[in-house]
Amino acid sequence: SLHAACWKGGLFLYVPKNVEVTLPLDYFFYADMEGGAFFPLSLIVLEEGSRATFVERLTSREHKGASLTLASTQAFLGQGASLTLASQQDFSSEMAYSGAFRVQSGSDSRAEMFVLEYGANESCVRVKSDLALKGAESNIAGLFFGSSDQRFNLSVTQEHTAPQTKSTLLFKTAMKDEASFYFTGTVHIAKDAQGSDAVQEN
């Protein structure tokens, strides 16, 4: 709710029906104000049969003042659409970061997501896959590297409400010094979602 009230900046990506974007779209977000608060939003809409690759890079210079970034990425996929979404977070050691990713998948669509995290003092990432139409597929992968006293938190929800949907989650972590990592994973398969398949691995 705080992000919805305060969001400022970001981008809107719209791909029309049956259009394939052959080159990756690279979005660079730089938090350049010491002690500031940032609320970027990325909104992605792929119409029926379209394809795109979206890469977002979140970074900031090293500084002494505490800062906050609340980022949100939302994607809506039409029937048979295909999206590859990659996110890289490399904020300074004084940044507190919260990133929310949500993908709403149309029938027979495919979403591939990769999350790379190694910045910020505190990082909280929430990912939700909404598989509400038959044949939708979502695959999530992630790498987390921590050192010093960094704290990482990953929460993933795979929501299957339609039949013959598929989702996977695979992530790896490497922590040293006093760094820590916490994970919460939820798979929900509704009564009417017969033939669905969900996997979580680390």
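In the predicted model, Lys176 is in contact with Gly146, Ser147 and Ser148, when neighbours within four places in sequence are left aside. Lys176 lies in the loop that connects E13 with strand E14 (180-189). The C-alpha atoms of Lys176 and Ser147 are separated by 4.9 Å, although the two residues are 29 residues apart along the chain. Lys176 counts as exposed because its relative accessibility, 51%, is over the 50% cut-off.

The contacts of Lys176 include Gly146, and strand E11 comprises residues 137-146. Seven of the ten residues of E11 are buried, so this strand is largely enclosed by the rest of the structure. E11 pairs with strand E9 (residues 110-117) through eight bridges, and the two strands run parallel. Within this pairing, Ala111 has Ser138 of E11 as its bridge partner, and Glu112 has Asn139. E11 also pairs with strand E13 (residues 166-175), again in the parallel sense, over ten bridges. In that pairing Gly142 stands opposite Phe171 of E13. In general, the strands of a sheet pair through backbone hydrogen bonds, in either a parallel or an antiparallel manner.

These pairings belong to an open sheet of seven strands, in the order E2-E5-E7-E9-E11-E13-E15, with parallel pairing. Strand E2 (25-31) and strand E15 (197-201) are the edge strands, each of which pairs on one side only. From one strand to the next, the twist averages 10 degrees. The protein as a whole contains 15 strands and one helix.

The largest nonpolar core has 35 residues. Those with the most contacts inside this core are Ile44, Leu46, Leu83, Phe91, Tyr97, Met113 and Val127. Strand E8 (residues 95-105) supplies the largest share of the core, with four residues. For Met113, the residues touched, not counting those up to four places away in sequence, are Leu85, Phe101, Val103, Val127, Asn139, Ile140 and Ala141. Val127 thus appears both among the contacts of Met113 and among the residues with the most contacts inside the core. In soluble globular proteins, nonpolar side chains tend to be buried together.

The count of salt bridges comes to seven. One of them joins the side chains of Glu20 and Arg51, at an N to O distance of 3.9 Å. This pair links distant parts of the chain: Glu20 lies in the loop between strand E1 (10-15) and E2, and Arg51 lies in strand E5 (residues 51-60), 31 residues apart. Glu20 counts as exposed, at 52% relative accessibility, whereas Arg51 counts as partly exposed, at 42%.

A salt bridge between the side chains of Asp26 and Arg57 has an N to O distance of 3.0 Å. Here too the pair links distant parts of the chain, with Asp26 in strand E2 and Arg57 in strand E5, 31 residues apart. Arg57 is partly exposed, as its relative accessible area is 31%. The side chains of Arg110 and Glu112 form a salt bridge at 2.6 Å, N to O. Arg110 is partly exposed, with a relative accessible area of 36%, and Glu112 is likewise partly exposed, with 24%. Glu112 is also the residue whose bridge partner in E11 is Asn139. In addition, Arg102, Lys128 and Asp130 are linked in a network of salt bridges.

At the level of the whole protein, 45% of the 202 residues count as buried. The C-alpha trace spans about 50 × 35 × 30 Å along its principal axes. A compact globule with 202 residues would have a radius of gyration near 17 Å, and the protein has 17 Å, so the two agree. Among contacts between residues at least 6 apart in sequence, 88% join residues at least 24 apart. The contact of Lys176 with Ser147 is between residues 29 residues apart along the chain.

Notes. Residues numbered from 1 in each chain as written. Predicted model: local features only at pLDDT ≥ 70, side-chain atom pairs only at ≥ 80, totals over all residues. Heavy atoms only, no water. Buried < 20%, exposed > 50% of the residue type's maximum accessible area, 1.4 Å probe, protein only. Pairing = 2+ DSSP bridges. Core = buried A, V, L, I, M, F, W, Y, C linked by side-chain atoms within 4.5 Å. Contact = heavy atoms within 4.5 Å. Axes fitted to C-alpha atoms, helices over the stretch in contact; angles between N-to-C directions. Salt bridge = Lys/Arg side-chain N within 4 Å of Asp/Glu carboxyl O. Rg over C-alpha atoms; globule rule 2.2 N^0.38 Å.
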